[in-house]
Amino acid sequence: MVSARITVNGKETPIAPDAPHTTVLDFLRERGLTGTKEGCAEGECGACSVLVARPGVNKPTDWVAVNACLVPAAALDGQEVVTAEGLATPGADGTPATLHPVQEEMAVRGGSQCGYCTPGFICSMASEYYRPDRCSHDASEAGEADAEHGPNGFDLHSLSGNLCRCTGYRPIRDAAYAVGEPAEDDPLAQRREQAAPEPVATSYTQGDSTFLRPATLEEAVQILRDRPEAVLVAGSTDYGVEVNIRSRRDTCVVAIDRLPELRELRVESEYLEIGAAVTLTEIERRLDGTVPLLAELFPQFASRLIRNSATLGGNLGTGSPIGDSPPVLLALDASLVLASADGERVVPLADYFTGYRQSVRRPDELIRAVRIPTPLSQVTAFHKIAKRRFDDISSVAVAFAVDIEGGIVRKARIGLGGIAATPIRSLATEAALEGKPWTQETVDAAARVLRGEGTPMSDHRASSLYRSAMLGTSLKKLYAQTTEAVSS
Ligand SMILES: Cc1cc2nc3c(=O)[nH]c(=O)nc-3n(C[C@H](O)[C@H](O)[C@H](O)COP(=O)(O)OP(=O)(O)OC[C@H]3O[C@@H](n4cnc5c(N)ncnc54)[C@H](O)[C@@H]3O)c2cc1C
Ligand code: FES
Ligand code: FES
């Protein structure tokens, strides 16, 4: 059997003797690639960002930036990684290396002072530099450049997971907006034309702990049946924090993020099915705004770095009452497809959560997919109330999906997060809206009902009074936003 290994900057590197929980960050640094830094070890700062070759959305391969501090090295068995060191071209016969265009721009525009955050910025920037649909024209002339997009089509949000404490962001933005198109002979640009590495079935054991990557869903659910101690991991953006900050150690970790059965995105006549292991970035780019409520959710969900790995299965799998996808999926009337060795069952999300981080999912089941019924409601909105506009956890999250015909609310679905032990549907408010005219009077009355929903608590993020107040305000905001758009 071929031992687990990662191709790092073009060189195959065995993972042994590292432990199965060793992160990509530690794996790289222990092998001398110390450009990859540890700032926070919990996905917040991006100092550890590296590039991974992943199946592309518009080309066979995308160079995707991920947080190396969160991903176990064993999860990248058989995969290709490029670090900041691997982006420069080494000089021949002792001559200096040629900087990558992104590195060059950061250097000449003063984008780096202490330099601690710089390799992470470079990798996130390089990922955006190689995004195939970034720019094939002058975005200023096309009217597409704005406060968050450069004239070269560079999306500043690609850096939303990277923090710099000393340079200031202006020079970094200048560098990002100055990069051009990759040259034709650029090896990483050329690499996009070939398929990404296939997932490799992995069984990696050190001591009493094992990292398994089954090749099929059938194998995965069999492991869940045979080994009750098995723990699932997908993008590892939650799990990696548990490992680093809470020293979580499991004897059997089962990676499901590359299972083909969990990676499909299918449009059926009555529903849209999104595989539980499709990353949020992939969903965002593949749906391209066709589900407006999801399109509104994604930019408010963590950072691009996190979304590049995070999945819907993982967001629902945590059972967290403050996860951002459950309110949205509740408003969309979504169901979950749960798979086990006995077969599949479909559970409405509204019936899924049973208590704090509890659900009807049995230990031998995994979430295979999320189903969203179609057609979609016309009026939708997602309001995330948090302390920061981006990359923050919700204090309260409210998602609306409302059908209005002839000025009357025919159907209302409202999903709430952060105001009870589980994400909940706002049934009383839905009833206060349905069958009523979509007027200020109806909305004011329903907003009073919405304020009373759930059992919000006070914590360091918000008081219970504030949370309740935000609920009512949120419905009024929806009304203000939509009255012009809806014809009676
Ligand atoms: C810096 C940072 C910012 C964040 N910001 C947000 C935010 O704004 N909003 C938000 O909602 N979350 C946020 N998160 C949390 C996290 O990114 C999400 O919950 C994400 O969707 C988890 O997906 P994952 O694939 O990485 O899950 P993992 O970490 O791989 O798994 C999480 C849990 O789900 C289980 N699981 C995974 N897949 C499945 C499946 N298919 N079936 C059953 N169980 C499964 C795992 O066993 C594990 O218990 C943030 C995290 C970090 C580190
Ligand atoms: S070290 Fe901060 S995000 Fe990884
Ligand atoms: S250059 Fe010092 S933290 Fe960014």
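Start with the second largest pocket: domain 1 (29–72 + 79–197) and domain 2 (261–373) each give at least three residues to its lining. Keep in mind as you look around that this is a predicted model. The pocket has a volume of about 520 Å³, and 24 residues line it, with Asp155, Glu284, Arg285, Asp288 and Arg304 closest to its centre. If you'd like to find this pocket by its helices, look for α9, α10 (292–297) and α11, each of which supplies at least two lining residues. Helix α9 makes the largest contribution to the pocket, with four residues. As for the chemistry of the pocket wall, you'll count ten charged, nine nonpolar and five polar residues.

Now zoom out to the whole chain. The domain assignment splits it into domain 1 (29–72 + 79–197), domain 2 (261–373) and domain 3 (379–487). Notice that domain 1 is written as two stretches, 29–72 and 79–197. Between domain 1 and domain 2, the centres sit 29 Å apart when taken over C-alpha atoms. On the domain 1 side, 18 residues are in contact with ten residues of domain 2. Putting these two domains together buries about 1000 Å², and carbon and sulfur atoms give 59% of that area.

How many salt bridges cross the interface of domain 1 and domain 2? The rule finds zero of them there, although a search of the whole structure turns up 39. For one salt bridge to look at up close, go to Arg170 and Asp174, where the closest N and O atoms are 3.0 Å apart. Why are these two residues about one helical turn apart? Both belong to helix α5 (residues 169–178), and they are separated by about one turn because they sit four residues apart in that helix.

Next, the enclosed spaces. Rolling a probe the size of a water molecule over the atoms shows where empty space is left. Here, three cavities of 30 Å³ or more turn up. The largest cavity holds about 260 Å³ of space. Its lining is made of 22 residues, and those nearest the centre of this cavity are Asp62, Val64, Thr281, Arg285 and Asn308. Two or more lining residues come from each of β3 (49–55), β4 (61–67), α4 (118–129), α9 (280–287) and α11 (304–307). Strand β4 has the largest share of this lining, at four residues.

You've met Arg285 already: it is listed among the residues closest to the centre of the second largest pocket, and it turns up again among those nearest the centre of the largest cavity. By class, the lining of the largest cavity has eight charged, eight nonpolar and six polar residues. Which domains each give at least three residues to this lining? They are domain 1 and domain 2.

The second largest cavity comes in at about 150 Å³. Around it are 16 lining residues, with Arg54, Gly235, Asp257, Arg258 and Ser309 nearest the centre. Sort that lining by class and you get seven nonpolar, five polar and four charged residues. Once more, domain 1 and domain 2 each provide at least three of the lining residues.

To finish, take a look at some backbone details in the loops. Two peptide bonds worth finding are cis. One joins Ala16 and Pro17, with omega at about 5°, and Pro17 is placed in the loop between β2 (11–14) and α1 (24–30). Another cis bond links Thr374 to Pro375, with omega at about 0°. You'll find Pro375 in the loop that runs between β16 (366–373) and β17 (379–385). Then there's Asn9, a residue other than glycine whose phi is positive, near 50°. Asn9 belongs to the loop between β1 (5–8) and β2.

Conventions. Residues numbered from 1 in each chain as written. Chains lettered and ligands numbered in written order. Predicted model: local features only at pLDDT ≥ 70, side-chain atom pairs only at ≥ 80, totals over all residues. Heavy atoms only, no water. 1 Å grid on protein atoms, 1.4 Å probe; cavity = no way out; pocket = protein on both sides within 12 Å on 5 of 7 lines; lining within 4 Å. Points joined across faces, edges and corners; volume = space filled by probe spheres on them. Nonpolar A, V, L, I, M, F, W, Y, C, P; charged D, E, K, R; others polar. Domains from an automatic or database assignment. Contact = heavy atoms within 4.5 Å. Buried area = accessible area lost by both parts, 1.4 Å probe. Salt bridge = Lys/Arg side-chain N within 4 Å of Asp/Glu carboxyl O.
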